[in-house]
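Visitor: I am new to this structure and would be grateful for a close look at one buried serine in a helix. Please begin there, and then proceed to its wider setting.

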Amino acid sequence: MKPSILTKDGVNFLMPFILITSCFALWGFANDMTGPIVKAFSKIFRMSVTEGALVQVAFYLGYFAMAFPAAMFIQRYSFKSGVMVGLSLFAIGSFMFFPAKMTGMYYPFLLAYFILTCGLSFLETSCNPYIYCMGSEDTATQRLNLAQAFNPIGALMGMYIAMEFVQAKMSPMTTEQRMSLSELQFNNLKDNDLSVLIGPYLGLGAACLLLLVLIRTHKMPKAGDTKVNKSIGSAFRELIKIENYREGVIAQFFYVGAQATCWTFIIQYGTRIFMEEGMDEKSAEILSQKYNIFAMLLFTVSRFICTWFLRYISAGRLLSILAICAIALSAGAILFTDRNGIYSLVGVSACMSLMFPTIYGIALRSVGDNVKFAGAGLIMAILGGSVFPLIQALIIDSGIELFGRTSINLSFLIPLICFVVIAVYGHRSYIRHYILTPDSKRHV
């Protein structure tokens, strides 16, 4: 009889698994509610695309800043403590949206996003290995895949909330109409729209506090909390010598950049296309968000399909195949100036579905007892989501045109380059693992 994936030595981990898996859904919700908010901030504060993209800079900077402190914290204390600190910072950042709204200024919101994602960094650094340890090592991969399946479910909810409770409830005034308002009229409109925008974040903060109380009061397993007496400097020197890991961190940096750009600027991309078809700006934005939600649905379905393919295709080879397909679809987003462009952009999500966990798994081969610090390095690579959207926004704001393609079309050269880097990493990891060491039978 096949053992349960949530049982070890007669102990059932079902309730701890449910509680920690809830964190996966929460950070998926936060991540994918943020993309559409970039466009909302640009309208509310009458800013350029580049200024609005600072939301993504602040959002992903928190991941980078807190990953190694989180790893050192859970190394010294426990996974449970790391999860609790993460939820606390997550809640504080969410509640900071209220005082930010009271100031009526943009930059306090960036600070709130930064604190919120410091919490997400703690959660991602703690939850993945914690889930891995909640049961037999033989069923660890299944258990982690099951928990990760709830991340895109949370992401879909975040996208839906952004569409129905932020974009749809904001003032229908266009960007041009807002520019013509008097200072008093503008401030009144801004205050109303900010009240709409902060609502989901306040609810998110309350959900974090509730989950924090449940985890604090529930007896959680201590599996995996074995301490390793090794300094961060020593671990780093060992890790940097591992070519597979070193290149994996770089590939993850470019992957998160590609994901952030594709999911953030699909709103601007679709809005331009639909307005050229005769739609008003608000309707075009909402329809673009519907395409964004469909892209996430495709991402979710594709994750299960690609996981099945991993039974027959090595991880490195599948990663390179998906990246090559993403390159072709990104080229479609650049070359097409009609709805075929947004169809191509939606298709990119199917290719991205397995990239993050696949790069993560390949990069952790042979890291030994440095796994906690190695995982933190891969979480730090999420900084790519801060760098590349800003570069793409600068291209969009430049207004350049080339061969009849607008700056929005041309800006998708950025994710295309990112996918080239990922394709190279997938191919190189396949060569290292299956050609240079042909006796290897593993697909992870």
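Guide: Leaving aside neighbours within four places in sequence, S302 is in contact with two residues, A350 and S353. The model in which these contacts are found is a predicted one. S302 belongs to helix α14, which covers residues 281-309. Its relative accessibility is 9%, and S302 therefore counts as buried, because the limit for that class is under 20%.

From this serine we may turn to the nonpolar interior. The largest nonpolar core has 140 residues, and those with the most contacts inside it are I20, F41, L87, L197, I215 and M355. Helix α1, residues 14-44, provides the largest share of this core, namely 15 residues.

One of the residues just named, F41, merits a separate description. Not counting residues up to four places away in sequence, F41 touches R46, M47, V55, Y106, F109, Y113, L194 and L197. Among these partners, R46 lies in the loop between α1 and α2, the latter spanning residues 49-52. Its relative accessibility is 22%, so R46 counts as partly exposed. The phi angle of R46 is near 55 degrees, a positive value in a residue other than glycine. Most residues other than glycine have a negative phi.

F403 likewise has a positive phi, of about 55 degrees, although it is not a glycine. This phenylalanine is placed in the loop between α19 and α20. F403 has a relative accessibility of 72% and therefore counts as exposed, because that class begins at values over 50%.

The empty spaces in the model come next. The count comes to one cavity of 30 Å³ or more, and the volume of the largest cavity is about 90 Å³. Its lining consists of N31, D32, G35, P36, Q56, Y60, M159, Q259, A260, W263, T264 and N292. At least two of the lining residues are supplied by each of α1, α3 (54-76) and α12 (243-264). By class, five of the residues in this lining are nonpolar, six are polar and one is charged.

A further space is open rather than enclosed: the second largest pocket holds about 490 Å³. It is lined by 23 residues, of which K39, V49, Q268, I396 and I408 are the closest to its centre. Two or more lining residues come from each of α1, α9 (175-179), α13 (266-276), α19 (384-398) and α20 (407-411). With five residues, α13 gives the most to this lining. The lining of the second largest pocket divides into seven nonpolar, eight polar and eight charged residues.

Helix α1 thus recurs in this account. It gives the largest share of the largest nonpolar core, supplies at least two residues of the lining of the largest cavity, and gives two or more residues to the lining of the second largest pocket.

A word on confidence remains. The mean pLDDT of the protein is 86, and 93% of its residues reach 70 or more. Over residues 440-444, however, the pLDDT is below 50, and this stretch has 15 contacts in the model beyond near neighbours in sequence.

To return to the point of departure, S302 is a buried residue of helix α14, in contact with A350 and S353 once its neighbours within four places in sequence are set aside.

Terms used. Residues are numbered from 1 along each chain as its sequence is written. This is a predicted model: local features need pLDDT of at least 70, side-chain atom pairs count only at pLDDT 80 or more; totals for chains, interfaces and linings use all residues. Side-chain values use heavy atoms; hydrogens and water are left out. A nonpolar core is a set of buried Ala, Val, Leu, Ile, Met, Phe, Trp, Tyr and Cys residues joined through side-chain atoms within 4.5 Å. Buried means under 20% relative accessible area, exposed over 50%, partly exposed in between (1.4 Å probe, protein chains only). Helices (H or I, at least four residues) and strands (E, at least two) are DSSP runs, numbered from the N terminus. Contact means heavy atoms within 4.5 Å. On a 1 Å grid over the protein atoms alone, a cavity is a set of points where a 1.4 Å probe fits but cannot get out, and a pocket is an open set with protein on both sides within 12 Å along at least five of seven lines; lining residues have an atom within 4 Å of a point. Grid points are joined across faces, edges and corners, and a volume is the space filled by probe spheres set on the points. Ala, Val, Leu, Ile, Met, Phe, Trp, Tyr, Cys and Pro count as nonpolar, Asp, Glu, Lys and Arg as charged, and the others, Gly among them, as polar. pLDDT is the predictor's confidence in each residue, from 0 to 100.
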